[in-house]
Amino acid sequence: MSAVQFIVEGGQRVSGSIRPAGNKNAALPIVAATLLTDQPVQLHNVPRIRDIETLVELVRSTGAQCEWNGPNSLRVHAKSVQAANLDPPMCARIRASILLAAPLLARCGTVTLSPPGGDVIGRRRLDTHFHVLQALGAEYELGERFRFTAKALIGADVFLDEPSVTATENALMAAVAATGRTVLRNAASEPHVQDLARFLVALGARIDGIGSNVYTIEGGMPLGGATHEIGPDHIEVGSFIGLAAVTRSEIRIQRAGVEHLRSTLMGFERLGISCIIDGDDLIVPAEQSRVIQTDLGGHVPKLEDQPWPAFPADVMSIAIVTATQCEGMILMHEKMFESRLYFTDKLVSMGARIVLCDPHRAIVSGPTKLRGSTVESPDIRAGMAMLLAALCADGTSVINNAQQIERGYERIEERLGALGAKIRRVELSAR
């Protein structure tokens with residue numbers, strides 16, 4: 001990836017309407033799942049971001065035809081697929097490369113993958129993927145690369161040892177191709193998992209329990225082609241709520257997918273940020289209390305993430321920046337990734353009052369005046385949080401390694417610029 005830098009002029013209010021892009025974490029497994037069928041598939045509202053482009057190249061390397069036939073429309077026709085050894089450097093760029101295991105097993109009976117990459121936010125175990133695929137009839141060999149083989153995938157009653165999103169997605173794809181009934185228990189049920197399941201149903205699969213943590217799949221059904229629109233990214237919605245809050249601005253978030261926002265809205269309400277639901281739009285008013293709501297008895301409150309439908313882990317970094325601009329004290333508890341909170345030292349360098357208690361907990365006391373600084377984006381979500389901090393800070397900030405942000409947010413400098421944000425994108429390799 002070429003190095004990208006954002007130069008941000010802070011202290012500006014923004015206004016207007018913005019529409020969230022298609023959900024990155026839905027588009028990735030759905031693009032992988034197009035390999036399950038030999039019929040053409042048309043996908044709409046696909047975010048044109050680095051992670052998607054990388055996965056499309058990996059899918060194309062199997063022999064599938066992939067064509068962008070619109071700004072956010074992708075046509076895939078996997079008429080014939082070869083389980084060639086997938087390019088290790090490309091696999092290392094994104095964690096989603098592991099999602100190719102199930103569809104290539106289904107089509108070819110074998111696949112060799114390099115360990116996936118992605119954000120460095122703590123250990124992200126892959127054990128559940130191996131256990132689930134093994135339960136459905138696959139065998140695997142571990143070494144510098146992962147080799148999966150399966151003479152036939154067979155339905156089974158499977159209990160996931162953790163509600164992993166990507167392992168649930170691999171399990172759904174394998175179960176659709178397996179012979180017989182599969183029951184997946186303790187499965188993930190995030191909006192993007194639901195979107196994948198609905199896409200598989202559109203192909204001809206039979207899946208019950210969508211939206212719950214127990215899925216029942218009648219496998220082996222013939223799969224055809226389909227046209228599918230990726231749902232809105234609820235993490236982008238959370239990011240835009242944070243943008244409005246820290247810049248003290250009013251924003252309308254169009255087609256926000258409000259049915260998936262209850263826990264997100266409750267989390268921001270704890271920070272004193274309320275939103276108005278208007279049909280499928282979400283309005284974040286400029287006038288907010290911005291007073292952190294204490295627990296009964298005046299105790300210091302806590303905001304914690306948990307598996308869906310609780311507060312999403314990917315919004316935690318945004319909530320921390322928002323809390324620096326709210327009155328009061330709050331304990332932020334990141335339960336899922338032990339390295340995600342380390343970015344808070346960059347906020348402290350900008351003037352935030354944050355005590356990092358341990359790898360999972362931070363105490364934030366606000367409000368504080370942030371000042372412009374030169375910082376680095378360590379991962380997608382922390383990078384977006386740093387961008388929000390820069391937008392509300394006094395002075396100019398420079399965000400290095402901004403290509404990490406672009407892995408998850410499409411043309412973010414253009415889209416926020418349309419609201420009045422002053423962000424200049426610089427490709428360092430072009431200098």
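In the predicted model, Pro309 is found in the loop that connects β17 (302-304) with α10 (316-323). The peptide bond leading from Trp308 into Pro309 is cis, and its omega is near 15°. A further cis peptide bond links Gly366 to Pro367, with omega about 0°. Pro367 is likewise a loop residue, placed between β20 (361-366) and β21. Backbone geometry also draws attention to Asn186, which has a positive phi of about 60° although this residue is not a glycine. Asn186 belongs to the loop between β10 (180-185) and α7 (191-203). Such features merit description because most residues other than glycine have a negative phi, and most peptide bonds are trans.

The overall architecture of the chain may be considered next. The chain contains 14 helices and 23 strands. Its radius of gyration is 22 Å, close to the 22 Å given by the globule rule for 431 residues, and the chain is therefore as compact as a globular protein of that length. The C-alpha trace extends over about 60 × 55 × 45 Å along the principal axes.

One open sheet is built from four strands, arranged in the order β21-β22-β1-β23 with mixed pairing. The edge positions are taken by β21 (374-376) and β23 (422-427); each has a single partner strand, so one side of each remains without a neighbour in the sheet. On average, and with direction ignored, neighbouring strands of this sheet are turned by 20° against each other. The strand at one of these edges, β23, is joined to β1 (residues 4-9) by six bridges, and the two strands run antiparallel. Within β23, Val426 is the residue that stands opposite Gln5. The loop that holds Pro367, described above, lies between β20 and β21, and β21 is itself an edge strand of this sheet.

Another open sheet comprises three strands in the order β6-β8-β7, and its pairing is antiparallel. Here the edges are formed by β6 (110-113) and β7 (139-142), each of which pairs on one side only. From one strand to the next, the twist averages 10°. Four bridges connect β7 with strand β8 (residues 146-149) in the antiparallel sense. Glu141 has Arg147 of β8 as its bridge partner. This sheet is also accompanied by a helix: α4 (residues 101-108) packs on the sheet and touches both β6 and β8. The direction of α4 makes about 145° with that of β6.

Among the pockets of the model, the second largest has a volume of about 200 Å³. Its lining consists of 14 residues, and those closest to the pocket centre are Val246, Arg248, Gln325, Lys369 and Cys392. Two helices, α8 (234-247) and α12 (380-392), are the elements that give two or more residues to this lining. By class, the lining of the second largest pocket is made up of five nonpolar, five polar and four charged residues.

Methods. Residues are numbered from 1 along each chain as its sequence is written. This is a predicted model: local features need pLDDT of at least 70, side-chain atom pairs count only at pLDDT 80 or more; totals for chains, interfaces and linings use all residues. Side-chain values use heavy atoms; hydrogens and water are left out. Two strands pair if DSSP finds at least two bridges between them. Axes are lines fitted to C-alpha atoms, for helices over the stretch in contact, and angles run from 0 to 180 degrees between N-to-C directions. Contact means heavy atoms within 4.5 Å. On a 1 Å grid over the protein atoms alone, a cavity is a set of points where a 1.4 Å probe fits but cannot get out, and a pocket is an open set with protein on both sides within 12 Å along at least five of seven lines; lining residues have an atom within 4 Å of a point. Grid points are joined across faces, edges and corners, and a volume is the space filled by probe spheres set on the points. Ala, Val, Leu, Ile, Met, Phe, Trp, Tyr, Cys and Pro count as nonpolar, Asp, Glu, Lys and Arg as charged, and the others, Gly among them, as polar. The radius of gyration is taken over C-alpha atoms; the globule rule is 2.2 Å times the number of residues to the power 0.38.
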